[in-house]
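Student: I would like a close look at one part of this model, the aromatic ring pairs. Please start there and then work outward to whatever surrounds them.

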Amino acid sequence: MSDTQPKAAALTITAARVIVTCPGRNFVTLKIETGTGAGASYGLGDATLNGRELSVASYLTDHIIPTLIGRDAHQIEDIWQYLYRGAYWRRGPVTMTAIAAVDMALWDIKAKAAGMPLYQLLGGACRTGVRVYGHANGESIEETIAEAQRYRQMGYTAIRLQAGVPGLPTTYGVSRDKMYYEPADGALPTENRWSTSKYLPSVPKLFEAARAALGWDVDLLHDVHHRLTPIEAARLGRDLEPYRLFWLEDSVAAENQANFRLIRQHTTTPLAVGEVFNSIWDCKDLIEGQLIDYIRTTVVHAGGITHLRRIASLADLYAVKTGCHGATDLSPVCMAAALHFNLSIPNFGLQEYMRHTSETDAVFPHAYSFANGFLHPGNEPGLGVDIDEPLAAKYPYKRAYLPVNRLEDGSMTNW
Ligand code: CS2
Ligand code: MG
């Protein structure tokens, strides 16, 4: 940029800090402050990585924050490139979650400075609201369907179904608390047991019963949680075709993106993947090969709004839609950012919405609201979310791990 060009007024970053709080589960939040006196402002970013929270807190406090002080908060892209390229060691969930937190906070600051809700800065709303799906689960098929009917009465038009597996003591997605599902359940990892042969026949039975009870004017989804081989996933996708799922999620682990080529050859059940991805490079082949239908990457784990917009733009070229992850371990700061992002992109698919507890909502007051199966971010300047720091301080960090999973012969598998 030549020296003669007029420069926009800088918004100097004066301070930044990490707030770790545990209102029932751990959350990590970055707060970036700009300006002084009457011109002072701040922005928030979610930096929560379930089971590895303190790694991101340290990455921000010990490595990123010192490089932010004195920078112009308006330069979101330059700061993103500085943190991504400047790390030398690129990508990974810890690095990209830390960069995401900075990115969210800077977008929050910029939209506040502009006096508009963030979605307006991202190009305005492409839709009137963000359609969401809820989680119905139960030990039995009957209990799961009863939960689904409760979600229908709450106004949801899309519902994920997860039921217990006969012969297995526990399985993914089935929780004691029906509304507030939190998988990080131990000061050391809980050891779960898994059996694909017990699981595979149970899922079509669940959806056959669900369609009989719920009918066809509700979208139904299922999360396999990375537990099958590609040919097992192909068989499950084919077995579920009569029940017309909205998507079958994480049917296999996706380090090898080619896994989905085999699944795709055998089934027309729509495929979703990506909640554990942290950059466009994790899903480029999946999208360009049209091997999936929904990309589940999130604002908090995939480099923030700046990077997620790149993923959504690539996906749009290949008829792939977004389906952002939205579990309880993504804070209300991430949910707020996701809603502004979802409103503004042309190829939005569906947003996951696992409700937070009232304790969490009190720590993170927010403008977003639910009505008739949709969420809307509200129209407050910025993200429309805050953090009550004195209240957050009352909930100290409490180490908690996600479970691990072993087959019945004791060998490790994916949780
Ligand atoms: C799940 C998550 O919501 C989902 O789709 O895959 O609940 C996931 O198990 C947790 O976010 C892990 O922390
Ligand atoms: Mg999932």
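Tutor: In this predicted model, the count of aromatic pairs comes to twelve. One of them is formed by F27 and F364: the ring centres are 5.6 Å apart and the planes meet at 80°, so the pair is edge-to-face. The cut-off for that label is an angle over 60 degrees. This pair links distant parts of the chain, 337 residues apart. F27 belongs to strand β2 (residues 27-34), while F364 is in the loop between α13 (358-363) and β13 (369-371). F27 has a relative accessible area of 0% and is therefore buried. F364 is likewise at 0% relative accessibility, so it counts as buried.

F27 also has a charged group over its ring. The charged end of R25 sits there, 5.2 Å from the ring centre. A second arrangement of this kind involves W194, with R227 over its face at 5.0 Å from the ring centre.

Elsewhere, ring pairs join Y133, F246, W247 and Y294 into a cluster. Y133 and W247 come up again in the packing: a core of eight residues, separate from the largest one, includes Y133, W247, A272 and L350. In soluble globular proteins, nonpolar side chains tend to be buried together.

The largest nonpolar core has 122 residues, and I32, L60, V102 and F260 have the most contacts inside it. The element that gives the most to this core is helix α3 (residues 93-114), with twelve residues. What does V102 touch, leaving aside its neighbours within four places in sequence? Its contacts are L30, I32, L60, I64, L68, I79 and L83.

Next comes the metal site. The magnesium ion (ligand 2) is coordinated by D223 through OD, and by E249 and E275 through OE, at 2.0 to 2.2 Å. Along the chain these donors follow the spacing D-x25-E-x25-E. E249 is in strand β8 (residues 247-249) and E275 is in the loop between β9 (271-273) and α10 (284-288), so this pair ties together parts that are 26 residues apart in sequence. Both E249 and E275 are buried.

The strands come next. Strand β4 (residues 130-138) runs parallel to β5, and five bridges join the two. H135 has R160 in β5 as its bridge partner. Strand β5 (residues 158-163) is mostly covered, with six of its six residues buried. Which residues lie on each face of β5? A158, R160 and Q162 are on one side and I159, L161 and A163 on the other, and all are buried. In a regular strand the side chains alternate between the two faces of the sheet.

There is also an open sheet of three strands, in the order β6-β15-β16 and with mixed pairing. Its edge strands are β6 (191-194) and β16 (412-413), each of which pairs on one side only. Strand β15 (residues 404-407) and β16 run antiparallel and are joined by two bridges. R406 stands opposite M412 of β16.

Two serines give a contrast in exposure. S197 is in helix α6 (residues 196-199), and its relative accessible area of 60% makes S197 exposed. Its C-alpha atom is separated by 18 Å from that of A253, and the two residues are 56 apart along the chain. S202 is in helix α7 (residues 202-214); at 13% relative accessibility, S202 counts as buried. Apart from neighbours within four places in sequence, S202 is in contact with V165 and P166.

Two backbone angles deserve a check. Most residues other than glycine have a negative phi. R91, which is not a glycine, has a positive phi of about 65°. R91 is in the loop between α2 (76-86) and α3, and at 32% relative accessibility R91 counts as partly exposed. Q290, also a residue other than glycine, has a positive phi near 50°. Q290 is in the loop between α10 and β10 (294-295), and with a relative accessible area of 41% Q290 is partly exposed.

Definitions and conventions:
Residues numbered from 1 in each chain as written. Chains lettered and ligands numbered in written order. Predicted model: local features only at pLDDT ≥ 70, side-chain atom pairs only at ≥ 80, totals over all residues. Heavy atoms only, no water. Core = buried A, V, L, I, M, F, W, Y, C linked by side-chain atoms within 4.5 Å. Buried < 20%, exposed > 50% of the residue type's maximum accessible area, 1.4 Å probe, protein only. Helix = DSSP H or I, 4+ residues; strand = E, 2+ residues; numbered from the N terminus. Contact = heavy atoms within 4.5 Å. Donors = N, O, S within 2.8 Å, 3.2 Å for Na, K, Ca; no water. Pairing = 2+ DSSP bridges. Phe/Tyr/Trp six-rings, centres within 6.5 Å; stacked < 30°, edge-to-face > 60°. Lys NZ or Arg CZ within 6 Å of the ring centre and 35° of its normal.
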